[in-house]
Structures are given as C-alpha cells and as structure tokens.
Amino acid sequence: MGNKYYRIMNTTKAHTQYYLKSGDQAPGVTTVLGVLSKPFLVKWANNLGLKGIDSSKFTNKMASIGTITHLMVMCHLSGTSPDLSEYSQQDISIAENCMLSFLEWEKEHKLEPVILEIPLVSDIYGYGGTPDFIGLVNGRLELLDFKTSNAIWDSNFYQLAAYRQIAIEHGHKVERARILRIGRDSNEGFEERLMTKFDNEFNLFRNCLSIYNLLKLMGRRL
C-alpha cells in the first residue's frame, strides 16, 4: 500500500483549516453540511427537558466520552498511546467499555490503515475534510468513519460521499465506505452501515456547497 500517513488529532484543539493550491481557504465538509436543517436536535433536547435533564450538561459529558472513545480507536489503529490526562477517570472508564465494542468488531475484520485523520482538500470542488480512516478492510480499499453517537443520520452519508471524492482526488480509489457507530453507553449500542453507492449523496453535498458559497458571497451569517 506504500506510505502511510497518520495524524491523531485531539479534538479539543482548534478546528482544522483547509487551503486550496491557490492559497484560498476552503470550508470543511461538516461546515458545509451545517446549511442543512436538523430538526431532530430540537426534539432530542425537548425530550431531555421533559425528563428533567439539562441538555447542555448532558451534551458536554457525552461529548467527552465520545472524544475519548474516538481517540482510543485512532491510537489503537496507529499503534500509539492516547493522552487522556485532561479527562476524568469516570469518563475514561465509560469510554473503555465503549472501546470493547470496537475491539469485538475488529476481531472479524482485518484493518490496514493508510491514512488516519490527515486533512485533505478537493481542489476540484473547493472544500476540505479529514477522513478518520482510508485503507484496507479485509483486503478492500474502504473509507471508515467512527461515530460516537446515539444514531446514524442521513448527513453522515453525505459526509462520507464528500470524503470519498477527496480520497479519489488524492489517488485512493475507494470502492466502499462504512460507518461504525460506537455507542457511549449500553443504551446506544453498536451499529454498522455499509455504503456502496455515492452519486446521490455527493450531488446533495455539492448543492449544500453551492448554498454555503452563495450565503458567504451575500455576506450572510453561516
């Protein structure tokens, strides 16, 4: 597979900035997809409120557990040790249980990463992204995305289609993409979704990119 490129990022650091060959700054995939409405978030917050749960505090705690789990997975794949010094032991313990779900899945899949968390840019379409994993899964070139959440959303597939385009532009002819959703507690569970068709999802992403660029040109808040 040639050279391998790893850059395991601590997600508490500033957001990655992307630049085209021209030197112009480009938006990231998740920023572009931010133009889509997400009504499920309102319903989710309302449901927590009805249960007497502060959605902000709950989100912060689950985000911490998700960050630790993601970092553990990426460091495991790169053969490095995660720096967890800024996290509570309670959250680390919960994340370790989450990690067990991934390790069980990995037993049935041979993973050979080529790229781990390397920022890449599409100079053709003018956007950037940082795929979690590009490499071989049981001998086939795939793009993997590790989600620490309670569900897989449609926007996750638009994101993968955008990442695949970047991968292809950088010489990685990805045939398939896969989402691994690693739940942050026993209620959220573990889920796997395989993606083999990308045209519609990428076209939708391109339309989001057009809207994003038009809003920026108009000086509207994004």
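# Exercises on a predicted model

Twelve of the 16 residues of α5 are buried, so this helix is largely enclosed by the rest of the structure. The model is a predicted one.

**Exercise 1. Describe helix α5: its extent, its buried residues and what follows it.**

Step 1. Find the helix. α5 covers residues 154–169.

Step 2. Check its length. From first C-alpha to last, α5 reaches 24 Å, close to the expected 22 Å.

Step 3. List the buried residues. Ser155, Asn156, Phe157, Tyr158, Gln159 and Leu160 are among them. Ala161, Ala162, Tyr163, Gln165, Ile166 and Ala167 also belong to the list.

Step 4. Look past the end. Gly171 follows α5, and its phi is positive, near 90 degrees.

**Exercise 2. Is His70 buried or exposed, and which residues does it contact beyond its sequence neighbours?**

Step 1. Place the residue. His70 sits in helix α3, which spans residues 55–78.

Step 2. Apply the cut-off. Buried means under 20% relative accessible area. His70 has 13%, so it is buried.

Step 3. Collect the contacts. Leaving aside neighbours within four places in sequence, His70 is in contact with Glu117, Asp132, Phe146 and Thr148.

Step 4. Pick out the polar one. The side chains of His70 and Asp132 make a polar contact at 3.2 Å.

**Exercise 3. Classify the ring pair of Phe102 and Phe146, and place both residues in the chain.**

Step 1. Start with the search. Five aromatic pairs are found in the whole structure.

Step 2. Take the geometry. The ring centres of Phe102 and Phe146 are 5.7 Å apart, and the planes stand at 85 degrees. Planes over 60 degrees apart count as edge-to-face. The pair is therefore edge-to-face.

Step 3. Place the partners. Phe102 lies in helix α4 (residues 89–106) and Phe146 in strand β8 (residues 140–147). They are 44 residues apart, so the pair links distant parts of the chain.

Step 4. Check burial. Phe102 is buried at 0% relative accessible area. Phe146 is buried too, at 5%.

**Exercise 4. Where is Ile118, and how far is it from Pro131 in space?**

Step 1. Locate Ile118. It is in the loop between β4 (111–116) and β5 (120–122).

Step 2. Judge its exposure. With a relative accessible area of 18%, Ile118 is buried.

Step 3. Read the distance. Ile118 and Pro131 are 6.9 Å apart, C-alpha to C-alpha. In sequence, 13 residues separate them.

How values were computed:
Residues numbered from 1 in each chain as written. Predicted model: local features only at pLDDT ≥ 70, side-chain atom pairs only at ≥ 80, totals over all residues. Heavy atoms only, no water. Helix = DSSP H or I, 4+ residues; strand = E, 2+ residues; numbered from the N terminus. Buried < 20%, exposed > 50% of the residue type's maximum accessible area, 1.4 Å probe, protein only. Polar contact = N/O pair within 3.5 Å; in protein donor to acceptor, adjacent residues only side chain to side chain. Contact = heavy atoms within 4.5 Å. Expected span 1.5 Å × (residues − 1). Phe/Tyr/Trp six-rings, centres within 6.5 Å; stacked < 30°, edge-to-face > 60°.
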